[in-house]
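Student: Before we start, could you take me through this structure by setting each value against the definition behind the word used for it?

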Amino acid sequence: MKYILVCSAVLLITAMAFLPKAPLTIKGNVKDSNGNGLQYASVTEKGTGNMVPSDVNGDFAITVKKADAILLVSYIGYETKEIKLTGRSFVQVQLTPVEQKLEEVMITGYGATQKKSITGSVVTIREMEYAPVPLQGRLPGLAVKRKYVRDMKATPEREYNGYINTNDEDFNTEDYDGIVENRFLAVKENPLSTFSIDVDAASYSNVRRYLNRGQLPPAGAVRIEEMINYFQYRFPQPTGQHPFAVQTEISAAPWNEQHRLVMVNLQGKKISTDYLPASNFVFLIDVSGSMEDDNKLPLVKQSMKLLTDQLRESDRVAIVVYAGSAGLVLPATSGANKQTIKDAIERLEAGGSTAGGAGIQLAYKVARENFKQGGNNRVILCTDGDFNIGASSDAEMERLIEQERKSGVFLTVLGYGMGNYKDNKMQKLADKGNGNHAYIDDIREAKKVLVHEFGGTLFTIAKDVKLQVEFNPASVQAYRLIGYENRMLQKEDFNNDKKDAGELGSGHSVTALYEIIPVGIKSDFVEKADLLKYQSAPRQNVTVPDELMTIKFRYKKPDADVSRLIEHTVKDNNTDVQNTSDNFRFAAAVAQFGMLLRESGFRQKSSFNNVMALAGSAVDNDAEGCREEFISLVQKAGSLAKIKKGL
């Protein structure tokens, strides 16, 4: 009997060892360097979406899965701290302020800059002022605005040294179209949401340029859909007859737990470069005077050389340039002759005015003359968009591009530079030209767009891709599409094959987010209209209570004129945010960041700390470091936002 009891005890202990361990609740407190509690510090279990904020006293309680879990504690303006629990149930965390590093930009001429590092705590920023200095050998009428930092300890004479004086009160002539954000629409009055896809990613790299220069971007520069679609996501490749696969995921909106957030993704089929059809490229390069800065024509030349290295013998490249007029500097040349192409690129120099319209016409003419049937025919435009002679108005340029695209030649627009960058014009050119738009702020971005994403940037697998979502009024009270404001379509456009829409490239991933207010949730966002007097009573709805919405997709093959239809139904499986995929959490973090930068009226409980925690839980498999870089930009933006508010 004793033997039996001993054996039973051993078996019981052994079995208990293999039972799943109960979750552990860890309590703690987060303080600043002065010992004061930090409210809204983000406490995240590393490698998961499990995150809690600290309360007004800096206290927090988080349930972790194992005793040796690692906590990441972060707060805007402070170094992120990594805490190994090693069995502890209480942790005291003291965060250290981040040392602020700014750069004083010394302007020595048009586009020539010297940078001096300034380290120290940023106290405040004064109003923008001007400082006089002679401008030698350049055109008059240029100005540079400068931000002064109070603790620079510089005399007025030193502060003014090296800066350009001008009578022009507004040197920065960058143009961005205003964005009227999509609002919440009641499902009973607006059951359909229709829009075109957008694979452009120019907004994110442009926003990064602003933040890295110590400035918050203008609201018009922040296109949330482009920021989301800048990043690589890990979605399965399509396996059926269609060139893309559809995935959806749903959870609570991180900025309002009563709302639901639906992610819709189209993952394009990735085609190996070896199997891409032969290309007929025309490099259309702006060599006007405004392109002489280091981050313009010199960067263009480096970029095009990178692209040249990707070419095969079957590919052909011609080079057209424009300044005061347009000209052909290299006829169609085989990709096997890389040095010939690079030599032609290297000889380019900037000078003169900008006849963009003439350049576009000549580039399309050259592309048509060398057209490859069944091939990849494309004009690649490199410019700051500052067209100033000939056809230059938005309406003229749009008509020109719409006419030229009928030839079957696609358009890629690569934007460069700052100060006079015409983002709005670049957007219109890409949209009307069956093309895409990227902003190249450095050679690393050029490598990303033209080397790592070569197929997606330059080879179209589906054109005129549209989405139409029908919401179920039994489940959804109201909805809002986050971003895509300049891609909205009328409901009738969905079935109209003559209506232009966006293109999807090889391997491209396109993501859209809908914020949904479920039935039964009270919300000030839901606006109601009066009942109609002359309309007949609405027909009885067909209720399918477990469905949220049905998504329809239309697309055409690159050489086709008739669209194909795909349908996909979405159900809510009530997944918690921490149990969603890295794809969902990171896309939600980027959307939240965009709303904060835009100071959106729909940002609700969004915060930079929340963005960092959400993104920090989704940085696995970040081979190129883009997601880690994103988190550092969020920290910079949070600090700049505090300065803006005078905190």
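Student: Why is Thr 460 called buried?

Tutor: Thr 460 has a relative accessibility of 7%, and buried means under 20% relative accessible area, with exposed being over 50% and partly exposed in between (1.4 Å probe, protein chains only), so Thr 460 counts as buried. This is a predicted model, in which local features need pLDDT of at least 70 and side-chain atom pairs count only at pLDDT 80 or more, while totals for chains, interfaces and linings use all residues. Residues are numbered from 1 along each chain as its sequence is written, and side-chain values use heavy atoms, with hydrogens and water left out.

Student: Where does Thr 460 lie, and what is it in contact with beyond its sequence neighbours?

Tutor: Thr 460 is in strand 20, residues 460-471 (helices, H or I of at least four residues, and strands, E of at least two, are DSSP runs numbered from the N terminus). Leaving aside neighbours within four places in sequence, Thr 460 is in contact (heavy atoms within 4.5 Å) with Arg 378, Phe 410, Glu 503, Leu 504, Gly 505 and Pro 558.

Student: What makes helix 5 largely enclosed?

Tutor: Of the 12 residues of helix 5, 9 are buried, so the helix is largely enclosed by the rest of the structure. Among these buried residues are Leu 297, Val 300, Lys 301 and Met 304, and what covers the buried residues includes strand 14 (279-286), helix 6 (338-346) and strand 17 (376-383).

Student: How do you know that Asp 175 and Lys 422 form a salt bridge?

Tutor: Their side chains meet at 3.8 Å, N to O, and a salt bridge is a side-chain nitrogen of Lys or Arg within 4 Å of a carboxyl oxygen of Asp or Glu, so the pair qualifies. The two residues are 247 residues apart, and the pair links distant parts of the chain. Asp 175, at 33% relative accessibility, counts as partly exposed, whereas Lys 422 is buried, with a relative accessible area of 10%.

Student: What does the salt bridge between Arg 405 and Asp 500 tie together?

Tutor: The closest N and O atoms of Arg 405 and Asp 500 are 3.5 Å apart. Arg 405 lies in the loop between helix 8 (394-404) and strand 18, and Asp 500 in the loop between strand 21 (476-482) and strand 22 (502-505), so the pair ties together parts that are 95 residues apart in sequence.
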